[in-house]
Amino acid sequence: MKLVWKLTLFNTFIVSITILSLFWIFYKSMERGLLKAQQYHLKSFTKAAEAKVGRWPIALRRFFVKINGVIINDPFGIGPYLDKEEGIVKIGDEYFLVVTSRKENKEISLAANITPLVKGINAMAKAAFITSILGIILSFLIAFLLSRYSLRPIKNLAEELSKIGGENLNTRLNVPRTNDELQQLATEINSMLERIEKAYKIQERFVHDVSHELRNPLASMKGFIGVLKKWGKKDEKIFDEAVSELEELIHEMQTLVENLLLLAKPQEMLLETVEVKKLVEELIKRLQTQRKLEVSIEGDHELRTSGEHFKIIVKNLLENAFKYAKSHVDVKITKTSLEVTDDGPGISKEDMDKIFERFYRGDTSRDRRVSGYGLGLSIVKELTEKLGMDIEVESEEGKGTTFRIIWGENA
Ligand code: ADP
C-alpha cells in the first residue's frame with residue numbers, strides 16, 4: 001500500500017474516532033440532560049398531587065396519575081400498559097416518562113407523554129450523526145491532500161534518484177530548503193553519492209591500470225613465444241634465453257596477481273605474537289639470495305598483531321630497500337617502531353605525495369628499470385591502517401630513504 005494511502009487512512013481513522021466519540025458524548029449528555037430536566041419537572045407535580053384536596057389542580061390533568069394503585073387520571077389511556085414505576089415506557093409509538101414518589105403511606109405515580117421530546121432528541125442525533133459522517137469524509141479528503149503534499153518532496157527525490165546510474169554518478173539531488181528531515185535526507189544522499197562516485201572512480205581507474213599493467217608483460221610473452229616458435233628448436237641458446245625471460249615474466253605477473261588479490265580482499269586478521277627480528281632475518285635471508293647487500297639489524301621486539309598482515313608490510317619495505325639500495329640496508333627495531341633505511345637514490349619531493357597510490361611508480365624506479373608495478377607501498381599503507389599503525393617516510397635525494405612503521409606503546 002502506498003505511503004500516501006497509509007497516512008490518509010491513519011489520519012482519517014484518528015479523526016473518525018474523535019468525531020464519533022464527541023458525537024456519542026454529545027448525544028448521551030443531551031439525552032440525559034433533557035430527560036433529567038423533564039423528570040425533575042414532573043417530580044415537582046407530585047407535590048401538587050400530594051397536596052390535592054377536593055378539586056384536581058388543572059396542571060395535573062395533562063398527566064396520568066395513580067395514587068396508591070388507583071388510577072385517578074389517565075388522559076392517554078395507558079393505565080393497563082404501564083409496567084414501570086420509574087423511567088421511560090414505550091407504548092405503541094408513544095414515549096411516556098413515569099415518576100413515582102412515596103411519602104408516609106402514600107404512593108403517587110405520574111406519567112407524562114414525552115414523545116415530542118424523544119423525537120426531537122432523535123432528530124438532533126440524526127443531524128449530528130450525518131454531520132459527523134460528512135466531517136469524516138472531509139477529513140479523509142484533507143488528510144489525503146495533506147499527505148500527498150507532504151510526501152511530494154520524497155516522491156521527487158525518488159524520481160531524481162531513479163535517474164542516477166553508473167554513467168551520471170556526478171549528478172546530485174536538489175536539496176529542498178525546508179530545514180527538516182527531508183533536507184537532511186537529501187543532504188545525506190548527496191554525500192553518499194559523493195562517496196560512491198569516489199569509490200567507483202577508484203575502481204574504474206584500478207581496472208584500467210590493471211589491464212594496462214597486464215598488457216606489457218603479455219605482449220612480451222607473446223613476443224618470446226614467437227621467438228621460441230621460430231628459432232627455439234634450432235638454437236639452444238635462444239631457447240634457454242626465451243624460456244628464462246618467460247619465467248621471469250610469469251613470476252612478475254604472479255606477484256602482480258597476488259598483490260591485486262591482496263588489495264581486493266585482504267586476509268582475515270588473526271592476532272599473534274610476532275618476533276620482529278626473527279621475521280626480518282628470515283625475509284632478508286631470502287632477499288640476499290637475489291641481491292647480496294650489507295645488512296644490519298638493530299634491536300628486537302615482540303609485537304602483538306596480525307602476523308600475516310605484518311609480514312606483508314615488512315616484506316614490501318625490505319623488498320623496496322633491496323631494490324633501490326646502493327650497497328647497504330639498515331633495520332632498526334624499537335619498542336614502538338620498525339625502521340628500514342637504504343642508501344639508494346632517495347625519493348623526490350614530487351613523488352613523496354604519490355608513492356602510496358596504487359600503480360604509482362616514481363622516477364627512481366623508471367630511471368633504474370627496477371621491476372615492480374607500483375603496488376607495494378599502497379598495500380603497505382592499507383595494511384598499516386588496518387592494523388592501526390602509522391607509516392612515515394624520510395628521504396633525501398641521492399642519499400637514501402627511511403620507511404618507519406609505528407605501532408605505539410601498547411602493541
Ligand atoms: P614499486 O617499487 O613496485 O615501483 P612501490 O609501491 O613499492 O612500487 O613504490 C612506489 C614508488 O616509490 C616506487 O616506484 C619508487 O619510485 C618509490 N620507492 C619506494 N621505495 C623506495 C626506496 N626505498 N627508495 C627509493 N624509492 C622508493
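Twenty residues surround the ligand in this predicted model, and Asn320, Asp342, Arg361, Thr364 and Leu377 come nearest. The space the ligand takes is the largest pocket. Helix α6 gives the largest share of the surrounding shell, with three residues.

**Polar contacts to the ligand**
- Asp342 uses its side chain: a polar atom there lies 2.8 Å from a nitrogen atom of the ligand.
- Tyr373 uses its backbone, with a polar atom 3.2 Å from an oxygen atom of the ligand.
- Gly374 also contributes through its backbone, where an N or O atom lies 3.1 Å from a ligand oxygen atom.
- Taken alone, the ligand exposes 530 Å², and the protein buries 98% of that area.

**Make-up of the shell**
- By class, the shell holds eight nonpolar, nine polar and three charged residues.
- Asp342 and Arg361, both among the residues that come nearest to the ligand, count as charged.
- Four elements each supply at least two shell residues: α6 (307–324), α8 (363–368), α9 (376–386) and β12 (400–406).
- Of the residues that come nearest, Asn320 falls within the span of α6 (307–324), Thr364 within α8 (363–368) and Leu377 within α9 (376–386).

**Aromatic pairs**
- The count comes to eight aromatic pairs.
- One of them joins Phe310 and Trp407, with ring centres 5.9 Å apart and 75° between the planes.
- That pair is edge-to-face, because the angle between its planes, 75°, is over 60 degrees.
- Phe310 sits in helix α6, while Trp407 is in the segment after β12.
- The two residues are 97 apart along the chain, so the pair links distant parts of it.

Technical notes:
Residues numbered from 1 in each chain as written. Predicted model: local features only at pLDDT ≥ 70, side-chain atom pairs only at ≥ 80, totals over all residues. Heavy atoms only, no water. Near = heavy atom within 4 Å. Polar contact = N/O pair within 3.5 Å; in protein donor to acceptor, adjacent residues only side chain to side chain. Areas by Shrake-Rupley, 256 points an atom, 1.4 Å probe, with all protein chains shown as cover. 1 Å grid on protein atoms, 1.4 Å probe; cavity = no way out; pocket = protein on both sides within 12 Å on 5 of 7 lines; lining within 4 Å. Sits in = over half its atoms within 2 Å of the grid points. Phe/Tyr/Trp six-rings, centres within 6.5 Å; stacked < 30°, edge-to-face > 60°.
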